[in-house]
Amino acid sequence: MSKQTKKTSAVTTLWLLTTLLSLYSVSSLAVKSTPQSMDKSKHEAWQVWRQDAELKVSYRASQYDDLIEIKAQAQLASSLAGFIYFIEDLSLLPHWLDNAESAKVINQIALNENIFITRFKGLWPVSAREMVVYSHYWQNNDLSVEIAVKDASDSITATKNTVRMQVIKAHWQIVPTKVNQIKINYQFIVDPKGNIPQWLTKPMTLNGIWTTLNNIREQLPHSQWQQKSRIDIQELR
């Protein structure tokens with residue numbers, strides 16, 4: 001596998017990783033997940049948890065008992081390629097993704113289709129966790145980039161003494177708004193599994209997501225990757 005191919009495969013990792021921002025996030029209200037006949041999320045209004053001029057985190061009840069849906073939005077100073085290179089640089093991961101420990105590619109199906117595993121550190125009383133997902137990204141005619149993420153837990157045996165989380169749904173959209181400016185929107189529902197005290201999970205999750213977004217906002221514009229372009233991504237000119 002070429003160096004470029006490996007780097008490209010790593011990009012989806014971080015799409016998934018960022019999905020994993022939800023690590024404790026969705027655990028905020030999660031103890032079990034039982035689908036109901038009616039999709040409550042279509043009728044629930046989004047509740048803004050925190051926002052500033054560039055970042056916004058909201059949540060609402062989902063169609064799964066005790067699970068909430070998260071929506072995170074950000075306006076960032078970056079090119080599309082710069083953002084992709086930044087998140088696929090796994091050496092930077094622990095510096096911006098809250099509580100992340102490691103991530104690696106399990107199987108590269110195609111240039112833009114991969115299966116990844118991401119591990120998160122435990123923090124008492126929450127056990128160490130991991131997530132395995134299938135990720136597929138593409139660029140639309142309007143230059144926006146979308147990433148579809150699905151659970152792929154069956155791809156690899158669970159790590160001993162680690163709780164395996166489950167992705168219920170996750171979708172990304174990255175839109176170039178002007179030269180070297182992008183807007184990110186992602187929504188997800190993740191079941192953290194295991195027993196997590198409800199009094200702990202919601203604030204832990206929302207704070208973790210906010211911390212991650214803020215880390216990206218601070219580090220991304222100064223990344224060396226802003227000087228790079230890539231053949232599979234067309235920029236706004």
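**Entry 1. Strands 9 and 10**

I began with strand 9 and strand 10, which pair in the antiparallel sense over 11 bridges. I note at the outset that the model I am reading is predicted. The two strands form a hairpin, with two residues between strand 9 and strand 10. I looked at the turn and found that Asn180 has a positive phi of about 60°. For the register I took one position: Ala170 stands opposite Phe188 in strand 10.

I then turned to the pairing of strand 9 with strand 7. Strand 7 covers residues 145–151 and runs antiparallel to strand 9, with five bridges joining them. Here Ile147 stands opposite Trp172, a residue of strand 9. Strand 9 is thus paired with strand 7 and with strand 10. I kept in mind that side chains in a regular strand alternate between the two faces of the sheet.

**Entry 2. Aromatic pairs**

I next searched the whole structure for aromatic pairs, and five were found. I recorded a distance and an angle in each case examined, because a pair of aromatic rings is described by the distance of the centres and the angle of the planes.

How are the rings of Trp49 and Trp210 arranged? Their centres lie 6.5 Å apart and their planes stand at 70°. An angle over 60 degrees counts as edge-to-face, so I entered the pair of Trp49 and Trp210 as edge-to-face. Trp49 belongs to strand 1 (residues 47–51) and Trp210 to helix 4 (residues 198–219), so the contact ties together parts that are 161 residues apart in sequence. I checked burial for both partners. Trp49 is partly exposed, at a relative accessible area of 28%, whereas Trp210 is buried at 8%.

The second pair I examined is Trp172 with Tyr186. Their ring centres are 4.1 Å apart and their planes meet at 20°, so I entered this pair as stacked. Trp172 lies in strand 9 (residues 166–178) and Tyr186 in strand 10 (residues 181–191), 14 residues apart. Both residues are buried: Trp172 has 2% relative accessibility and Tyr186 has 1%. Phe188 joins Trp172 and Tyr186 in one aromatic cluster. I connected this with the first entry, where Phe188 was found opposite Ala170 and Trp172 opposite Ile147.

**Entry 3. Arg230**

I looked up what surrounds the charged end of Arg230. This end sits over the ring of Tyr85, 4.7 Å from the ring centre. The side chain of Arg230 also meets that of Asp232 in a salt bridge, 2.6 Å from N to O. Is Arg230 buried or exposed? Arg230 is buried, its relative accessible area being 6%. Its partner Asp232 is partly exposed, at 26%.

**Entry 4. Salt bridges**

I asked how many salt bridges the structure holds, and the count comes to eight. One of them joins Glu54 and Arg217, at 3.1 Å from N to O. Glu54 is in the loop between strand 1 and strand 2 (55–61), Arg217 is in helix 4, and 163 residues separate them. I recorded Glu54 as partly exposed, at 37% relative accessibility. Asp52, Glu54 and Arg217 are linked in a network of salt bridges. Helix 4 thus appears twice in these notes with strand 1 or the loop after it, through Trp210 and through Arg217.

Another salt bridge is that of Glu69 with Arg60, whose closest N and O atoms are 3.1 Å apart. Glu69 is buried, with 0% relative accessible area, and Arg60 is buried at 14%.

**Entry 5. Ser58**

I then placed Ser58, which lies in strand 2. It counts as buried, at 1% relative accessibility. Which residues does Ser58 contact, leaving aside neighbours within four places in sequence? The contacts are Trp46, Gln47, Val48, Trp49, Glu69, Ile70 and Lys71. I had already met two of these: Trp49 in the pair with Trp210, and Glu69 in the salt bridge with Arg60.

**Entry 6. Confidence**

Last, I looked up the confidence values. The mean pLDDT of the chain is 81, and 80% of the residues score at least 70. Among the elements, strand 1 has the highest mean pLDDT, 96, and helix 1 (residues 3–19) the lowest, 41. Over residues 2–38 pLDDT stays under 50, and the model has 139 contacts beyond four places in sequence for this stretch. I have drawn no detail from there, because predicted coordinates should not be read in detail where pLDDT is low.

How values were computed: Residues are numbered from 1 along each chain as its sequence is written. Side-chain values use heavy atoms; hydrogens and water are left out. Rings of Phe, Tyr and Trp (its six-membered ring) pair if their centres lie within 6.5 Å; planes under 30 degrees apart count as stacked, over 60 as edge-to-face and the rest as tilted. Helices (H or I, at least four residues) and strands (E, at least two) are DSSP runs, numbered from the N terminus. Buried means under 20% relative accessible area, exposed over 50%, partly exposed in between (1.4 Å probe, protein chains only). A charge sits over a ring if NZ of Lys or CZ of Arg is within 6 Å of the ring centre and within 35 degrees of the ring normal. pLDDT is the predictor's confidence in each residue, from 0 to 100. Contact means heavy atoms within 4.5 Å. Two strands pair if DSSP finds at least two bridges between them. A salt bridge is a side-chain nitrogen of Lys or Arg within 4 Å of a carboxyl oxygen of Asp or Glu.
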